[in-house]
Number of protein chains: 2
Amino acid sequence: MSVTIKDIARMAGVSYSTVSKALKNSPLVSEQTKRKIKDLADEYGYQPNLIAQSLVSKKSGIIGIVWPTVEIIAISTLMTHITAELEKRSYSALLSVGSLETGVRLFNRLHVDGILVFELNRMFDPSESVRSEIPVLSFGLSNVASSYASIDVNRKGAIETAVRYLHGLGHRRIGFVGNLEDHFSKQHDKFLGYMEAMDRLGLPADPHLRVHTRKLVWQEGYRAAKFLLQCRDKPTAIVSASYELTVGIILAMKEAQLHIPSDMSIVSYDHVPQLAHLEIPVTAVGVPVEKMAACIAEAALRMVEHPGDDSPPMAEVELAERLSCAPPKPGR
Amino acid sequence: MSVTIKDIARMAGVSYSTVSKALKNSPLVSEQTKRKIKDLADEYGYQPNLIAQSLVSKKSGIIGIVWPTVEIIAISTLMTHITAELEKRSYSALLSVGSLETGVRLFNRLHVDGILVFELNRMFDPSESVRSEIPVLSFGLSNVASSYASIDVNRKGAIETAVRYLHGLGHRRIGFVGNLEDHFSKQHDKFLGYMEAMDRLGLPADPHLRVHTRKLVWQEGYRAAKFLLQCRDKPTAIVSASYELTVGIILAMKEAQLHIPSDMSIVSYDHVPQLAHLEIPVTAVGVPVEKMAACIAEAALRMVEHPGDDSPPMAEVELAERLSCAPPKPGR
DNA sequence: TTGTAGGCGTTATCAA
DNA sequence: TTGATAACGCCTACAA
């Protein structure tokens, strides 16, 4: 059994309420007894029992994160950053890997201070929206009919930025690799951004320029890129909807002996450092992970500490210019 | 505020201890009152307060998992399976992403039933071994001087199996891609397995046949494979130390226009389904993830439920024959 | 078959 | 400046 406040009290020869105060640095305790108590606590490695604390104070200092899909790198990276960000603000993060339902239920029983729900590529199934006594903030969930608060990234704007950037470099035939079909998924916003930008810029909306990928894995990116290369009038630039897809696209280029950026320019969604560390540092659009993490953590804490206030805005999308883009070769 | 046992008691017109018993299906309560109480509980969505429960019962039904490195696919997959496995046995898993110290401390304050610590590629730093009142089971940690119980995979045996398998197919020049240098990391066992098998089989221990990779990322595998291909007398088969490395190796082969398995055979560590879904289904060695998850969950629960018993053994390494291996071409 | 009372480790409010 | 004491939500003897 670990040492409790009562053990310390007995050893210090004071009552346990005094110990409680001393450990919280209350001004109601003399410096002398405070010292004695603190020394004792250190010596015996006293750790307050969070369970007991949160039972009485109704505050746990924990944000529960529900994370259904563990295998997307941008999200893994995001998790690390969010955890760090919460810690900075003296909260702790605890993750539950698995279904929304299981996670939300567990965190409700645990009475954490707030819940963060992530769901990136699955379509939102409203029947799954689980009731929660504890405030829930969702990220990347198409919140049709959802009772949760939400914060999200401007995926559409990000892709628009990418297209405009390529257009500015002189590209006209710009391809898109990503989710074209799941209309209820937030992933689809990226496609909308592409279509809208192409349209606005008066660029050809050739269906051969876009390839649907079912999942955000590199194999799909690879497949899609090969497909684009077979095209009679192939693109001079590609916008990719995720880091994983981009990895696949680069491979396909390699295999086809095409040089990036001289033969093909690439802009990738996901503003993560990993994109800078590929063989060719890839120009990226999106909200930088650290900023994203900071905004999400901020929003989550605002939600628990000032319920009712509306959540702070997500940071703006940024473009990180790297080496994967160049003007198209003359004559193309 | 959520509904408590007292609320239900008031509504049912009984005392709250009766409710407590009824909800636990105690035989000390009449069927009739039990029904009434249970209906009420359902109707109002009563969820027992885990905090209060575990404060009194000293049991939380939670296993805390400390997970420092989020970005290795085999581990991500493993997490999902372990969570599922624990749930089957009516426990819940909660992850803490970050340092060993932070995680162990948090879970101690939370008084979870047991802690599982993962650490795959970093060297073990004994100074980091944090004191824990709660039983800790470590996986993949070089437990020099560690006070934690541990369970682990026979990495050495796995790689030996791989080498023997290739040898059986007729290969003589077998390469190895993995961690050659961090002697205190468990990753190093793989290299030892390679060296020992080569030695036992009387195969050439040509230093040019092995390439050190610093991290388990595909870029390193790619780099290593290119290196092996430059070799004057290049290998006819490669043993790869992880899924990520294998992905990189395959890319390098592609780029060099080498066909797998006719030009080069590959066996990869990590018995995960992802290896079967690469363009060429890759022959793998290791303990299959599901089995591994089951063993780890089993060991963790044994540790919390029967302290003192020694942990059950890890499942044996298996070889999954797929399409990435063939006898070497004659004349090589 | 049901209710009462004490306690789990803390915090917070009063009284001393 | 300190110490009792009541709560937080639940469990478990034990008493009725």
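How many salt bridges are counted between chain A and chain B? The count is two, where a salt bridge is a side-chain nitrogen of Lys or Arg within 4 Å of a carboxyl oxygen of Asp or Glu. Here are some notes on the rest, point by point.

1. Ground rules. This is a predicted model, in which local features need pLDDT of at least 70 and side-chain atom pairs count only at pLDDT 80 or more, while totals for chains, interfaces and linings use all residues. Residues are numbered from 1 along each chain as its sequence is written, chains are lettered from A and ligands numbered from 1 in the order in which they are written, and side-chain values use heavy atoms, with hydrogens and water left out.

2. The protein interface. Chain A and chain B each bring 49 residues to their contact (contact: heavy atoms within 4.5 Å). About 4,400 Å² is buried between the two chains, and carbon and sulfur atoms give 63% of that area (buried area: the accessible area, with a 1.4 Å probe, that two parts lose on being put together, summed over both).

3. Polar links across it. One of the salt bridges joins the side chains of A:Glu255 and B:Lys254, at 3.8 Å from N to O. Five residue pairs are in polar contact between chain A and chain B, both residues being at pLDDT 80 or more. A polar contact is a pair of N or O atoms within 3.5 Å; within protein, one must be able to donate a hydrogen and the other to accept it, and residues adjacent in sequence count only if both atoms are side-chain atoms. The side of chain A that touches chain B divides into 23 nonpolar, 17 polar and nine charged residues. For these classes, Ala, Val, Leu, Ile, Met, Phe, Trp, Tyr, Cys and Pro count as nonpolar, Asp, Glu, Lys and Arg as charged, and the others, Gly among them, as polar.

4. DNA strand C. This strand is surrounded by 27 residues (near: a heavy atom within 4 Å). Of the strand C atoms within 4 Å of the protein, 62% belong to sugar and phosphate. A polar side-chain atom of A:Lys24 lies 2.6 Å from a phosphate oxygen of the strand, and one of B:Thr18 lies 2.8 Å from a phosphate oxygen. B:Lys21 instead places a polar side-chain atom 2.7 Å from a base oxygen of strand C.

5. DNA strand D. Here 25 residues surround the strand, with A:Thr18, A:Lys21, A:Leu28, B:Ile5 and B:Tyr46 the closest. The side chain of A:Thr33 has an N or O atom 3.0 Å from a phosphate oxygen of strand D, and a polar side-chain atom of B:Ser20 is 3.0 Å from a phosphate oxygen too. A:Val56 uses a backbone N or O atom, 3.4 Å from a base oxygen of strand D. The surface near strand D has 12 nonpolar, 10 polar and three charged residues.

6. A:Ser324. This residue is buried, with a relative accessible area of 0% (buried is under 20%, exposed over 50%, partly exposed in between; 1.4 Å probe, protein chains only). Its side chain reaches the backbone oxygen of A:Ile266 at 2.6 Å. Leaving aside neighbours within four places in sequence, the contacts of A:Ser324 include A:Pro261, A:Met264 and A:Val282.

7. B:Val317. The C-alpha atoms of B:Val317 and B:Arg155 are separated by 8.2 Å, although the two are 162 residues apart along the chain. Not counting residues up to four places away in sequence, B:Val317 touches several residues, among them B:Val153, B:Ala158 and B:Gly286.
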